[in-house]
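Visitor: I am new to this structure and would like a close look at a single part of it. Please take me through that part slowly, and set it in its surroundings as you go.

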Amino acid sequence: MTQTTPKAQPAVTSDVPGLRLREVRKSFGSVAALQPTSFDVPAGTLCSLLGPSGCGKTTTLRIVAGFELPDAGQVLIRGEDRTYDPPQRRKLGMVFQNYSLFPHMTVAQNVAFGLRMARVNRAETEARTRRMLDIVHLPQHADRYPHQLSGGQQQRVALARSLVTEPSMLLLDEPLGALDKNLREQMQFEIRQLQREIGITTLLVTHDQEEALTMSDMIVVMDRGRILQAGSPAEVYEHPRNRFVSEFLGTSNIIDCTVMGAERGGLRLRLPGDEGSSGFFVADAPARPVGSTALVAIRPEHLRIVPAMEAGPSEPRATVSGHVFRGATHVFQLKRPGLDRPLMAYRQITGPVGETALAIGAEIGLSWLPGTARLLEDEPMREDAA
Amino acid sequence: MTAAAATSGRRSRRALGAGLWPVLPAVIFLLLFFLLPLAENGLQSLYVPDAAGKPVFSLDYYMRLFTDSYYLGVLGRTIWVSLLATIICILIGYPVAFFMVRHAGRWNGVMIFLLVAPLLTSIIMRTFGWNVILARNGVLNSTLLSLGLIERPLRLLQDPSAVIIGLVHVLVPFMVISIAAVLKGIDTRLEEAAELLGASRWRTFREITLPLSLDGIATGAIVVFMLANGSFLTMLLLGGGSVVTLPLLIYQQFLLVQNLGFAAAMGNVLLVLAVISLFLQLRLIRRDGGAS
């Protein structure tokens, strides 16, 4: 980092977003790949586009990269309109799903490619290439060919290649998809750390909710070419706006409840098959007509279960219908009359294993902390065939 | 353990033996009609009749081939004509292959058919077709004349240019198919990666696409070169003696002069050229980065 002084990057000013999409729209033939979409990625942060395949996340990334032109809308990178610039002029770094390393070039040649294209002189190219390989812990592999490297090493080379030109933004297209689980977790941390150190605005495309949750400052959940929700990982996880978000990020118990009445700016709801009880309270919910149905999401880790005889008299009851031991947690399946799908509940294992397992068929009492049950925006709908 | 290994070894040997039986007819056929004549050919080229007409072991035929300026010229011309045809095939074939793979889309199948269709007609038919087009009062000349582009008919037949045109026409499909097969395997994301790193379209082609498709060019070049080396009818019918290459000379020595030994020696030289080409193919193609 000493002998070469890269061009000073424009100071990261908080008011100019690193990336801004304004009403960007794209169709392929008659298929609308992307509905008009707008979002901002604050400079220096990592934003994930999360969704199932075909949700428009890859199209969005390709529009930002310049591989596709949008039908309408604007792409601003660091405040500059880049909508119709060719990829060559956008000064972006990108790591592709399969790394896309040039197979006929050595590691060093791969990393130096962008510098060579920018006509950086040889001495500086060598110095910056070497420095970048040091950063990704591969200095001794400079003369190898990509196919002689492991998946994780190829990943690092791809990262080095994309960052050595000091791009204004980094694009990551499912960068960890091809790695096995342990390596993936390790690389998640490494990429995140590097991204923070450099302070580069980053757009990550992934279908892996765990990856999005662990790596991002901001998650944009997409489905069928639309943004469903955007926010910090905690926000999106804790306050899913609708059924799709709630189910795509983590596991959720989604229950059709009945509105009993409005109180204190929230709603009092009743579980199905729980007539006569006083129900439970959900805060911050707009009033809905009494007797209408409301979708409520409760995370399995928020459900507390105790044997029925230890439970309070007002707690709803359920029967244990299944149990799986998952190392750090017990996973219980619970059945309750009036629910068409069993509920899932996790119980952290704190003591010796085997101690707390509830027998299948046991009756239990259900409870949850106020605030962990979320009202979803969706109108209750019948289970989709899809 | 060892017993088990032994039985499994015996079983696999027996399986291998059993598997060989069906190919036996082919092996016998090759032995009788390919390897034996080849050996006979080799021997014949090494025995030159002495003054009394009695065959004596001698490298005389080969000496003559490699020292006599006429024969050296023929050898050189054979290689030169093949090389020229190969280069033209690359120049014509690469863009066609590129278009087929990248832009033809659902027309790809049609293009392959159009490419292969000429190969399904007999070479005599194709060559006579060129005769009709290139003849003194043929289609090309009369068109050029009527357009006023030329004053006198061009002499196109019985000329090296006719040979090259004929060779390229016959051989270009091999080039296109070899190159297209390799181009199809190149991940376009590599090109996108290069463009995002600042490479222009042309630079991307030169730095990424072209080097990665060299295997296809080399395969096509070797196939075309070998086929051109051995081509006979095109030389005979379109060249009309203006381009004397080894196959023509062999034909001459064999049928007209009836010097079988000399013809055999020339055949062997042609064979060595083919073997060298194949060797180059094995050595040059699929070097480093080919794996991914």
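How many residues does the contact take from chain A, and how many from chain B? After that, please turn to helix α4 of chain A and tell me what surrounds it.

Guide: This is a predicted model, and in it the contact takes 19 residues from chain A and 19 residues from chain B. On the side of chain A that touches chain B, β6 and α2 of chain A each supply at least two residues, and the largest share, 3 residues, comes from α2(A). Sorted by class, that side of chain A has 13 nonpolar and 6 polar residues, with no charged residues among them.

Before the helix itself, a word about the chain that holds it. Chain A has 8 helices and 20 strands, and its C-alpha atoms fill a box of roughly 80 × 50 × 40 Å along the principal axes. Of the 386 residues in chain A, 39% are buried, and among the contacts between residues at least 6 apart in sequence, 66% join residues at least 24 apart.

Helix α4 of chain A runs over residues 151-163, which makes 13 residues, and from its first C-alpha to its last it reaches 18 Å, close to the 18 Å expected at 1.5 Å a residue. The helix is mostly covered, with 10 of its 13 residues buried; the buried ones run from Gln154(A), Gln155(A), Arg156(A) and Val157(A) through Ala158(A), Leu159(A) and Ala160(A) to Arg161(A), Ser162(A) and Leu163(A). What covers these buried residues includes the strands β6 (92-95) and β7 (169-173), together with the helices α2 (107-117), α3 (122-135) and α5 (181-198), of chain A.

One of these neighbours, α2(A), deserves a closer look. Two packed helices are described by the angle between their axes and the distance between the axes. The axes of α2(A) and α4(A) come within 7 Å and cross at roughly 25 degrees; because angles under 35 degrees count as roughly parallel, α2(A) and α4(A) are therefore roughly parallel to each other. Their crossing is right-handed. On the α2(A) side the contact is made by Val107(A), Asn110(A), Val111(A), Phe113(A) and Gly114(A), and on the α4(A) side by Val157(A), Ala160(A) and Arg161(A). By class, this contact of α2(A) with α4(A) has 5 nonpolar, 2 polar and 1 charged residues.

Notes:
Residues numbered from 1 in each chain as written. Chains lettered and ligands numbered in written order. Predicted model: local features only at pLDDT ≥ 70, side-chain atom pairs only at ≥ 80, totals over all residues. Helix = DSSP H or I, 4+ residues; strand = E, 2+ residues; numbered from the N terminus. Expected span 1.5 Å × (residues − 1). Buried ≥ 20, exposed ≤ 12 C-beta atoms within 10 Å, placed from the backbone. Contact = placed C-beta atoms within 7 Å. Nonpolar A, V, L, I, M, F, W, Y, C, P; charged D, E, K, R; others polar. Axes fitted to C-alpha atoms, helices over the stretch in contact; angles between N-to-C directions. Parallel < 35°, antiparallel > 145°, perpendicular 65-115°, else oblique. Left-handed = near helix turned anticlockwise from the far one by under 90°.
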